[in-house]
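Let's take a tour of a protein model and look at its contacts, its gaps and a few odd spots in its backbone. Keep the picture open while you read.

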Amino acid sequence: MQSKIRTKFLIYFLSVVVVLVSFFPIIWLFFTSLMPAKDIYAWPPNLFPSPGTFNNYIKIFNNSPELLRYILNSTIIAAFTTVTIILFGGLAAYALVRIKFRGSFAIMLGMLAVSMFPNIAILPAIFIVFKKLNLINSYPSLIIAHTGLFITMAIWILANYIRTIPFEIEDAAKMDGCGPFGIFWRIILPLSKPGIFATGLIVFIFSWNEFPLSLVLLHDNDMRTAPVGISLYPGEYSFPWETISTATFLSIIPVLIITGIFQKQIIGGLTSGSNK
Amino acid sequence: MPRLEERRFRLQLDYIKLHRNTQIGYLFVIPSLLVVTFVLVYPVIQAFLYSLTPEYSEDSEWSLENYFNLLDDDRFIESFNNTLIFTFFTIPAELLIGLVIAVLLNKEFKFRGIVRVAILFPWALPTALNAIMWRWMFNTEFGIINYGLISAGLIESKLNWLGKEPLAMIAMMSVSTWKTSSFMALLLLAGLQTIPKDLYESAEMDGANGFKSFWHITIPLLTPAIIVSLLLRTMDALRVFELPFNLTDGGPLNTTETISLYSYRVLFEFVEFKYGSSMVIIQFILILIMSLIYIKSIKNIDY
């Protein structure tokens with residue numbers, strides 16, 4: 001009995017520590033964004049914003065519209081990347097799992113192998129190609145790069161979901177005279193909605209967070225993504241923490257919301273591939 | 001039950017016969033193959049060709065000059081060492097913490113959902129912005145970390161976390177561990193959930209205590225999941241870029257500069273594309289060797 005109580009205590013103690021350590025930096029960032037500069041640069045540090053103020057947020061909306069522009073850029077790129085990957089990757093995953101044509105296994109393995117390529121290794125050549133195509137500092141360059149970077153992972157996750165769709169349904173559609181594309185569009189896509197949704201969320205988060213390619217391909221001030229824009233912001237001006245913490249918090253809000261609401265789908269998608 | 005299995009298997013065979021259609025297969029895969037070739041395969045081949053083109057001398061068209069120069073480049077050697085040190089210290093720490101969290105989440109208790117969401121956030125946020133958050137927390141003059149350590153009586157005066165030699169590397173390792181232990185935990189949890197519960201029950205009846213059954217049941221059955229998550233994390237750690245870029249800028253005195261960060265600088269700040277390409281190829285080979293070691297060890301334990 002005593003050991004049971006001890007185990008219970010240990011479980012709750014660990015839980016509290018894990019939750020605190022995970023959330024603390026985010027909460028601290030939020031508190032900092034609510035403080036005026038004189039409260040931020042203080043020793044001992046002010047632990048709570050007292051009184052809290054939204055002045056930093058108002059200042060950003062008025063004086064630094066480029067920080068909002070970065071968030072818009074990131075949203076556009078992540079959204080287009082997600083849609084392209086779901087479409088291309090969905091078709092490929094369906095073909096690889098269900099059509100089982102000659103060479104499909106080799107392609108599957110090849111995809112896994114190239115997904116191990118370090119992203120810095122592709123930087124020099126991809127920069128030169130996009131420069132020749134005159135696409136540096138334009139959305140398509142980064143959308144194409146992100147699509148290539150994350151599509152292999154998406155195909156693996158999608159393939160695991162498509163595998164679970166019963167053959168009988170497809171056969172029935174085949175009998176009714178549905179072609180391969182018709183089966184994909186009318187049967188596979190609707191039936192693998194949860195898988196597509198989970199994959200889409202993960203791709204969106206990966207694209208939103210990607211750094212080195214975004215840094216190199218979109219370096220104009222107007223075109224930067226949120227992580228790049230905010231990370232270069234302090235370098236060019238002074239080091240205004242009240243603005244940076246506010247901009248950082250603003251730009252993680254989309255990820256915070258997505259992760260908070262859809263945590264089950266994200267975890268399901270992330271772990272579906274690892275046990276195969 | 002076996003009847004049903006047999007029926008399913010036949011259906012599957014019929015299905016494959018009915019649908020085996022190589023042309024359609026290729027048609028569906030081509031868009032993905034094209035984009036992967038353009039973004040991943042071609043650039044790596046191209047980087048390899050660049051790396052064989054001399055950066056400085058013009059005697060010959062092809063040579064290993066860039067690679068020989070790497071051996072004399074102290075800054076490259078240091079960045080190579082930094083990357084290895086960073087990897088070899090963070091990965092075991094992440095594995096240990098990840099394992100503890102995974103075992104915790106595998107137990108039934110109230111508020112388990114909250115713990116599971118909580119660990120997802122450090123992973124889901126952009127590493128670059130994580131690094132920026134932590135840079136402020138590590139600040140010498142006003143940082144909350146110095147305040148916490150002084151209040152707890154662990155240090156006497158403010159430490160210059162990001163500006164002093166071993167401290168900056170320790171800070172970088174801590175942020176990485178904070179960010180990715182959760183990812184490790186989720187992968188390991190998925191592995192834990194596949195271990196049948198009755199194994200533990202029969203072990204308990206045989207008189208095994210908690211630690212014994214953990215060591216003799218959990219660890220062996222979890223080994224594949226452990227190796228997969230180690231593989232994924234090692235590849236990530238060997239190419240760490242935005243963490244030093246945003247937390248320490250490679251300082252102090254390049255002691256936190258990784259291969260990725262130095263090659264980025266050579267490529268885009270010094271604009272030496274051919275020399276920089278030889279660095280990314282070395283990094284590529286390093287990652288390849290590590291992956292092969294892990295993959296071989298998975299094969300060895302496969303039953």
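## How far to trust it

This is a predicted model, so a good place to start is the predictor's own confidence, called pLDDT, which runs from 0 to 100. Chain B has a mean pLDDT of 87, and 92% of its residues reach 70 or more. For the complex, the predictor gives an ipTM of 0.89 and a pTM of 0.90.

Where in chain B is confidence lowest, and where is it highest? The low spot is helix 1 of chain B (residues 2-19), with a mean of 64, while the high spot is helix 4 of chain B (residues 74-105), at 95. Where pLDDT is low, the predicted coordinates should not be read in detail.

## Salt bridges

Over all chains, you can find ten salt bridges in the structure. In one of them, the side chains of B:Glu94 and B:Arg233 meet, 2.7 Å from N to O. This pair links distant parts of the chain: B:Glu94 belongs to helix 4 of chain B and B:Arg233 to helix 10 of chain B (residues 210-238), 139 residues apart. Are these two residues buried or exposed? Both B:Glu94 and B:Arg233 are buried.

Now find B:Arg265, which has a salt bridge to B:Glu257 at 2.7 Å, N to O. B:Arg265 also meets B:Glu269 in a salt bridge, this time at 3.9 Å. B:Arg265 and B:Glu269 both sit in helix 12 of chain B (residues 259-269), four residues apart, or about one turn of the helix. B:Arg265 has a relative accessibility of 9%, so it counts as buried; B:Glu269, with a relative accessible area of 47%, is partly exposed. Salt bridges with shared partners join B:Arg75, B:Asp249, B:Glu257, B:Arg265 and B:Glu269 into one network.

## Rings meeting rings

Aromatic pairs come next, and the structure holds 39 of them over all chains. Take A:Phe117 and B:Phe284: the ring centres are 5.0 Å apart and the planes stand at 80 degrees, so this pair is edge-to-face. The pair crosses between chains, running from A:Phe117, in the loop between helix 5 (104-114) and helix 6 (119-132) of chain A, to B:Phe284 in helix 13 of chain B (residues 273-301). Both A:Phe117 and B:Phe284 are buried.

Why does the pair of B:Trp123 and B:Phe183 count as stacked? Their planes are at 10 degrees, with ring centres 6.3 Å apart, and planes under 30 degrees apart count as stacked. This pair links distant parts of the chain, with B:Trp123 in helix 5 of chain B (residues 112-124) and B:Phe183 in helix 8 of chain B (residues 165-192), 60 residues apart. B:Trp123 has a relative accessible area of 10% and is buried; B:Phe183, at 14%, counts as buried too.

There's also an aromatic cluster, made up of A:Phe127, A:Phe211, B:Phe241, B:Phe245, B:Tyr264, B:Phe268 and B:Phe273. And rings can have charged company: the charged end of B:Lys158 sits over the ring of A:Trp43, 4.1 Å from its centre.

## Empty spaces inside

How many cavities of 30 Å³ or more does the structure hold? There are two, and the largest has a volume of about 70 Å³. Residues lining the largest cavity include A:Trp28, A:Met35 and A:Asp39, along with B:Trp136 and B:Phe142. The elements giving two or more residues to this lining are helix 1 (2-33) and helix 2 (37-40) of chain A.

## Odd spots in the backbone

Look again at A:Trp43: a cis peptide bond joins A:Trp43 to A:Pro44, with omega about -5 degrees. A:Pro44 is in the loop between helix 2 and helix 3 (55-63) of chain A. Another cis bond runs from B:Gly251 to B:Pro252, with omega near -10 degrees, and B:Pro252 lies in the loop between helix 11 (242-247) and helix 12 of chain B.

Two non-glycine residues to look up are A:Asn137, with a positive phi of about 65 degrees, and B:Val271, with a positive phi of about 50 degrees. A:Asn137 is in the loop between helix 6 and helix 7 (139-162) of chain A, and at 18% relative accessibility A:Asn137 counts as buried. B:Val271 is in the loop between helix 12 and helix 13 of chain B, and at 55% B:Val271 counts as exposed.

Key: Residues are numbered from 1 along each chain as its sequence is written. Chains are lettered from A and ligands numbered from 1 in the order in which they are written. Side-chain values use heavy atoms; hydrogens and water are left out. A salt bridge is a side-chain nitrogen of Lys or Arg within 4 Å of a carboxyl oxygen of Asp or Glu. Buried means under 20% relative accessible area, exposed over 50%, partly exposed in between (1.4 Å probe, protein chains only). Rings of Phe, Tyr and Trp (its six-membered ring) pair if their centres lie within 6.5 Å; planes under 30 degrees apart count as stacked, over 60 as edge-to-face and the rest as tilted. A charge sits over a ring if NZ of Lys or CZ of Arg is within 6 Å of the ring centre and within 35 degrees of the ring normal. On a 1 Å grid over the protein atoms alone, a cavity is a set of points where a 1.4 Å probe fits but cannot get out, and a pocket is an open set with protein on both sides within 12 Å along at least five of seven lines; lining residues have an atom within 4 Å of a point. Grid points are joined across faces, edges and corners, and a volume is the space filled by probe spheres set on the points.
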